[in-house]
Amino acid sequence: MRLYWRVLKYMREYWVPQAVAYLCMLAINGVLILSPQITRRIIDVGIGKQQMDVLAWMSLALVGLTVLRGAFRFGEGYLSELVSQGIAYRMRNQLYWKLHSLSFSYHDRAQTGQLLSRATSDVERLRELTGRGLLRLVDSIVLLISTTVVLLRMQPTLAVLSLAVMPLVAIIMRRYMAQQQPAFRERQNLMAVMTTRLEQNLLGVSVVRGFAQEPQEIARFAAVNDDIYDISMVTARRSSFTMPFIVLLASIGTVLILWIGGRMVIAGQLTLGALVAFNSYVLQLVNPMRRLGFIVTRLVEAHASAERVFEILDAESEVKNKPGAIELGPIRGEVTFEHVSFQYVGGSKVLDDVSFHVEPGQVVALLGPTGAGKSTITNLIPRFYDVTEGRVLIDGIDVRDVTLESLRRQIGIVLQETQLFGSTVRENITFGRPDATEEEMIAAAKAAAAHDFIMRFPKGYDTEVGERGITLSGGQRQRIAIARALLLNPRILILDDATSSVDTETEQQIQKALEALMEGRTSFIIAQRVSTVRNADLILVVDRGRIVAQGRHEDLIRESGVYADIYYRQLRQEDRVPQMALAGRDG
Amino acid sequence: MSISFAPGGFHPPHIHADRYGEIEGKPFDVHITRRLLGYLRPYRREMALAVLFMLVSSGLTLLTPYLIKKTIDEHIAVGNAQGLRTMALAILGCFVLDFFAQWRQRYTLNKVGNNILRTMRDQLFRHYQVLSMSFFDQRGTGTLISRMLSDVGVINELLSQGIVTMAGDIVMVVSVSIVMIAINAPLALLSLSVLPVMALSAYLFGKKARAAFRRTREKVSILTGRLAEDINAMRVIEAFAQEDRMSREFDQINRDNRDANVSAVALSSFFTPAMEVLSVIATCIILWVGGRAVAGGTLTLGVIVAFLTYTSRLFQPVLDLSMVFTTWQAAMAGGERIFEILDLVPDVKDAPSAKPLTDVRGHIVFDHVDFEYVPGVPVLQDVSFEIKPGETVALVGATGAGKTTIALLLVRFYDVTGGRILIDGHDIREIKVADLRRLLGVVPQEPFLFQGTIAYNIAFGRPEATREEIIAAAKAANAHDFIMRLPNGYDTEVLESSTNLSLGQRQLICLARVILAQPQILILDEATSSVDLRTEGLIQDALEKLMAGRTSLVIAHRLATVQRAGQILVVDEGRIIERGTHAELLALNGVYAQLYRTQFLTLEEAPVAVGAK
């Protein structure tokens, strides 16, 4: 019930068109009652008494009334759609907003398919409920109540008789709703599972093809498709029985009236005319009951959908602006980690007592084996996650004390995985600063060694990339992502293995450009290549969530066994250099 | 975003998914309709049954009021208590029968509808599995999902509910018309004269409605697509604090979707009342003409009353038909979008003469291969090389030179536009695609993992592998240790965002996946670019063991990896510009030597390192 109220609250914003839609609905009922009276007059007076002018006028009135009813019907249909679409629109926007405000840890656990099916099919179900669904519900209830009142006034004994089945109907409906609810919930979940499977299959298409696993994928999809079929049939079996059954119960009322009422007429306790009139009203009860049964199904479905939608809307973001968070002014770029520990929700400890201090303008390199926690460290700086213990300070201010926007705007980050949008190169580079000038954008692209290859595209910066455009190589995408971060002109720059897919020559170009750009900026670099790391002001050697050594190259090579090990191993590997190469170096 | 394995260079132009909207289609497309109805064919029996139940049920709805009237007139009015009881029981019987008919009709229709839904989804999914890679390059994931969900749904609505309603309505219209003609032909024809007008307006309306419904289908697919993209890109959006702007853009798309729906409904909300007005005009014609006839004594009042009852029985189904017509329009728009995909013929498919491949030695020849994604923009030109069985060939060159494209052509994700590729002397287009791909093992640039456990991901290419085999493969890829450190070991779920695994770890899992699949030919595309060097050193041995006796194609930026290759090909702007062994290429002192020196120099600048040697 609480959930229904919450859905209904969305209508408040549209109460004017909604009210008009309901008035139209009532007006339609009025016209429906009026029309037969006119027809009767035409027949009785117009034709029966040969008054041709009455015939003419009344015919015109009939047409006029129908036009009027048409107008009401249009108003009802159009306005209720307007309202319900407006509500769906509002809900989707809210969901979208909410998804943005939720922290990384939420998105780590969430599945795209799930979120997608909630924002589309569940919202659609709620829309149907708030539009026609509710309108028909109110329509039916109004009709039921008014008919009941009329019946009670006409003949209380008979009325009680005809309404006797009502409690039974109510019990059946309640039981029906209780049974269907879990089934509908299950079906919506399965729909989301199916969406996810499909999405995964589409995203991983090259792996599926590469391993010739199409038959297995088809089987997996068919399995969930079958589950959906089965659960749909479970609900269908119940609904196709219950709905006609409710109508049958209502009809039994009619038969009772006819029988018992008939006996009363025979016994002289009731006039025949009264019975006929009474019976025609009783018949009017059947249709709204029929509709009610249909709407009840919709109501139950909508309940499952409402749960799923509100579950997202009610999700608490773990990372959010705390009350009274201050706007972070322009920073110098000093970064301090104080005994920082971190673990993902439900996961094991990823960082353990990490402490270091970076002066403004320093270059920090993070080095360590795959999965050691390097990315996790850099993810804590723009506060993608909150530390579990300890503090992260920028210019001496705890990152949790400032607003997220003011913090993130001053940090440029190139994530390990380069996510580009399906739009033009230009829009991708200027993503963080849509107002950047052409010159600024080109300068950023040049610094990221991206300008040249972009200019080779047929439409240069206006070339579409991604799903509908050209497909970029891994290295090209990384460079666009770097340009995107550089354009922000951030005080703190984080490059998370940003050049892993770039060839060495290009990487060197980028490095040179970056060196100039990093002047005066605090930068964090995660890299696998020691060559990238060697000139850093501070090297953090990370292993299994701890900083096992920190310092400059010269010191670490002497003092840290781990660092020296990594360093020499790499040298040996890249070092199988015949004399020829060394000779070539001079010539 | 294109996932894994992204070829450098150009890609097909924008064959936009929405080719609709420009043309106002015919309101009634015979081909689409016939194909839609084709889905009902397996359920002919059920549909016939449903129609039968429907007829029984509507017959009973007509019969019951008559019985009630009879009861009142002939039994109650004359005080026949005995007859009253019989009649009451008969009416009760009618209601029970009606209940039964309705129950079975609903159930049957639901069954047919759900079956069709299942079939269409299955069909679409199967088709997605055979469509060419170029298709996925052009379509957004969201769009493809939306076809599966919402377009299929609208079609089902028509096929399951709509068709039966329509059948019933048509039966009703025809039978009532016949009765009316039998009673009084001139008056009947006169009142039926509005039918052609109704048909014409339905036709005109259909034209507009289809365009409107098409727009709604398009908008919802744009909306879904945008949502899918943004949900995936949420991290970037948050990192760049662009939530406001993205929300504004989404708001626009969301608004467009709302408006498209509202205007489509406005059309149909207008249509139904317009039809009602037409039906009332028919009523007035009867009253007017009939009234004069009564005055002239050529007609009885009873006939007019009967006619009025019949016209209301006639036009109600006509109105219902117009509702079905709306469903029809929506289904047609959906059908169009689905058949558009189902009709796509994959570029890459088994040739009729395709042979299964047996006893592969792994001899690969690229014979003057040309390739272009976009006609007129060559990506590969005249690429020829040979890999002898068991040999390792390395591809070296700048990003975007065409190295990945060479690998993509070998696994036949795309077909060459010129020349041919041979494996053991067979053109790969003459080999069954599934056989070819089972033969080849690819470790792609971007490691894609599916949702599911780590074990599931490793065994992806060989689902029947035992746990021991999976562990052995993981050990070979040096992934076992970190996997064992995860909370549930091999049964740890890979999150969709893969945040519980680093990029390097994912590369290792992909490597294990290929090791387990035991392909005869290996393709490593930057397979270890994000793995730290210590780990890479360890994998190197595993890789060497794996590559021993296998034909391998290796793409790498780190030249250290490629030095031991039997042959190194330097690719530049789609051509092979140098080839030879490491020593030969250094002696040649060309592009390769230059590349090698740059990489080497950066390292050698460290004096300590030289000393340490």
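Q: Into which domains is chain B divided, and how far apart are the centres of these domains?
A: In this predicted model, chain B is divided into domain 1, covering 30–342, and domain 2, covering 364–612. Taken over C-alpha atoms, the centres of domain 1 and domain 2 of chain B are separated by 56 Å.

Q: How should the radius of gyration of chain B be read against that of a compact globule?
A: The general idea is to set the value beside the one expected for a compact globule of 613 residues, which would be near 25 Å, whereas chain B has 35 Å. The box filled by the C-alpha atoms of chain B, taken along the principal axes, is roughly 125 × 55 × 50 Å.

Q: What do burial, contacts and exposed area give for chain B?
A: Among the 613 residues of chain B, 62% count as buried, and the cut-off for that class is under 20% relative accessible area. For contacts in chain B with a separation of 6 or more, 77% are accounted for by residues 24 or more positions apart. The exposed area of chain B is about 23,000 Å², of which carbon and sulfur atoms supply 59%.

Q: How many helices and strands does chain B have, and what is the order of strands in its open sheet of four strands?
A: The secondary structure of chain B comes to 21 helices and twelve strands. The open sheet of four strands in chain B has the order β2-β1-β4-β5, and its pairing is antiparallel. Because β2 (377–387) and β5 (426–427) of chain B each have a single partner strand, they stand at the edges, and one side of each is left without a neighbour in the sheet.

Q: Where does β5 of chain B pair with β4, and which helix lies across the strands β1, β2 and β4?
A: Strand β4 of chain B, residues 418–423, pairs with β5(B) in the antiparallel sense over two bridges, and B:H426 in β5(B) is the bridge partner of B:I423. Helix α11 of chain B, residues 403–410, lies across β1 (364–374), β2 and β4 of chain B, and runs at about 110° to β1(B).

Q: Is B:T492 buried or exposed, and which residues does B:T492 touch?
A: B:T492 is found in the loop between α15 (480–485) and β8 (493–494) of chain B. B:T492 counts as buried because its relative accessibility is 8%, which falls within the class defined as under 20%. Leaving aside residues up to four places away in sequence, B:T492 touches B:G452, B:T453, B:I454, B:L486, B:P487 and B:N500. B:G452 is 40 residues from B:T492 along the chain, yet their C-alpha atoms are separated by 8.1 Å.

Q: How is chain A divided, and how many residues does the contact between domain 2 and domain 3 take from each?
A: Chain A is divided into domain 1 (154–316), domain 2 (326–410 + 490–551) and domain 3 (419–488). The C-alpha centres of domain 2 and domain 3 of chain A lie 24 Å apart, and their contact takes 14 residues from domain 2 and eleven residues from domain 3.

Q: Which way do the residues of β3 in chain A point, and with which strands does β3(A) pair?
A: Strand β3 of chain A, residues 363–367, is mostly covered, with five of its five residues buried. A:V363, A:A365 and A:L367 point one way from β3(A), while A:V364 and A:L366 point the other way. Four bridges join β3(A) to the parallel strand β8 of chain A, residues 522–526, where A:A365 stands opposite A:I525. β3(A) also pairs in the parallel sense, over four bridges, with strand β9 of chain A, residues 538–543, in which A:L538 is the bridge partner of A:V364.

Notes
Residues numbered from 1 in each chain as written. Chains lettered and ligands numbered in written order. Predicted model: local features only at pLDDT ≥ 70, side-chain atom pairs only at ≥ 80, totals over all residues. Heavy atoms only, no water. Domains from an automatic or database assignment. Pairing = 2+ DSSP bridges. Contact = heavy atoms within 4.5 Å. Axes fitted to C-alpha atoms, helices over the stretch in contact; angles between N-to-C directions. Rg over C-alpha atoms; globule rule 2.2 N^0.38 Å. Buried < 20%, exposed > 50% of the residue type's maximum accessible area, 1.4 Å probe, protein only. Areas by Shrake-Rupley, 256 points an atom, 1.4 Å probe, with all protein chains shown as cover.
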